[in-house]
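Q: Could you walk me through one part of this model in some detail? I'd like a close look at the sheet in chain B and the helices around it.

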Amino acid sequence: MQSKTRHFISLLLRLILGVVFGYAAYTKLSQPWALFAISVDAYHILPEWAVTVVARGLPWLELALAVLIVLGPWRRTTSVAASTLLLVFFGMMVRAYLRGEQIDCGCFGPGEAISPLTLVRDGALLAVSGFLTWDAFQHSRRPARSFQSQYSSY
Amino acid sequence: MKLSFPLLFSLLPILSAAPTLDKAKTFGNPDAPITIELFSDFQCPSCRMLHITLLPSIMRDYVLPGKAYLVYKEYPLPQHNHSREAAAYACAAARVGKYEQVADALFQNQPAWAENGKVFETVSTALTPAEQKKVQALARDPGILDEVQQDVQQGQSQGVNQTPTMLIIHGTKRYPVAGVPNYSLLRSILDGLAK
C-alpha cells in the first residue's frame, strides 16, 4: 500500500473510532451513572463494587481515548488500549448472546438489546482498532539510529 | 381572554391524540416527580420475576410514599402464544377495578397457564362470579384489544424492544431500564431523580 493512501486510511479510521468512542462516552455521561451500572451489572460478571467503579470510570476512559485517538499522540499505547477495551466488550457481548441472555448491550446508553447487529457493529469496530494497532506498530516505528550515529562515538 | 378560545381550539387535536390513561392500571400520585411506565408481558419469565421480587419494593419505597407514579403497560411478545389473551383479560379486569389482583394471579401461576393455556381459569380465581362474566365479555371487546395494541405501539415508538422495560420519566427525560435490575442501582437512579 502506498504511503499516502495508507496514511489517509489510517487517519479516516482514527476519526471514525474517535467519534464512536466520544459518542459512547457522551451517551453515558449525559445520563445518571447508575443507568449504565445496571447495564454492566446485567452481564453478571463483576461484583457490585466493581460495577460501580466501571460505571463511573469507563465513560471518562472512553472520552480520553476518543481525544487521544483523534489527536494522535502515543499511537501505540492508545491503539492497544482501544483494542483491548473493544476485545473485552466484544467478548462479553458474545458470551451473553451465546448464553441466550436478553440484556442491554450498554454500548451507547440503555435501550439497545444485544443482537446479531450489535455484534457485527462491535466486531467491525474491533477490526478497525486492530488495523490501527497494527498500523501504529508497523509504520510509526521510531527511526532506528543510523549506523554512523551508533558508532560515531567509537 | 380573547386569545384563550383560539388557543384552546388549537390544542384540541393534541389533547385528543394523547393516549388515554386507564386509572385502574395506575398507582400512586399522578403529580409525583417520577413516572414509571412498566411495559411487561404476562408470559415472560423475567416480567414474572420483576413483578414478584422487585415491584413490591418499588411500591413500598416510591409509589406509596408519593415519590413515583406507576403506570402498567401491556407489551405481549409475539413468541408467547397466550400473552395477548392474558393482557386482554387483565385490561378487562381493570374495567372492574381488579387489574392488580388479576396481574398477581397471572404472574403467580404463569408456569401453569403458559403450559396448559388455561388463562381464563387463572384470571377467574381473582374475580367474583359476576366479575368473571363481565371480564370474559369485555376481553372480546374490540376496545380492549385496541387498548392492548395501543400500549404495544406506544412502547415501540419509545424504543421498547424487550420485556420487562421500565421507562423512568422525569420531566422531559426518559430513561429505559430493561430486564430485572439490581435494586440498589435502581434506587440510585430513583433517589437521584426524586431529589
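**The sheet in chain B and its helices**

A: Let's start at one edge: β1(B) and strand β3 (residues 68–74) of chain B run antiparallel and are joined by three bridges. Across that pairing, B:Thr26 sits opposite B:Val71 in β3(B). Strands here are DSSP E runs of at least two residues, helices are H or I runs of at least four, and both are numbered from the N terminus; two strands pair if DSSP finds at least two bridges between them.

A quick word on ground rules: this is a predicted model, where local features need pLDDT (the predictor's confidence in each residue, from 0 to 100) of at least 70, side-chain atom pairs count only at pLDDT 80 or more, and totals for chains, interfaces and linings use all residues. Residues are numbered from 1 along each chain as its sequence is written, while chains are lettered from A and ligands numbered from 1 in the order in which they are written.

Back to the sheet. Five strands of chain B make it up, in the order β1-β3-β2-β4-β5, as an open sheet with mixed pairing. Its edge strands are β1 (26–28) and β5 (173–178) of chain B, each pairing on one side only. From one strand to the next, the twist averages 20°.

Now the helices. Helix α2 (residues 45–63) of chain B lies across β1, β2 (34–40) and β3 of chain B, at about 155° to β3(B). α8(B) lies across β2 and β3 of chain B, and runs at about 110° to β3(B). Angles go from 0 to 180 degrees between N-to-C directions, with axes fitted as lines to C-alpha atoms, for helices over the stretch in contact.

Helix α8 (residues 142–157) of chain B also holds B:Glu147. With 21 other C-beta atoms within 10 Å, B:Glu147 is buried (the cut-off is 20 or more; 12 or fewer is exposed and in between is partly exposed, with C-beta atoms placed from the backbone). B:Glu147 is 54 residues from B:Ala93 in sequence and 13 Å away in space, C-alpha to C-alpha.

B:Ala93 brings us to another helix pair: in α3(B), B:Ala86, B:Tyr89, B:Ala90, B:Ala93 and B:Ala94 meet B:Tyr99, B:Val102, B:Ala103 and B:Leu106 of α4(B). Contact means C-beta atoms, placed from the backbone, within 7 Å. The axes of helix α3 (residues 83–95) and helix α4 (residues 99–108) of chain B are 7 Å apart, at an angle of about 155°.

Notes: Contact = placed C-beta atoms within 7 Å.
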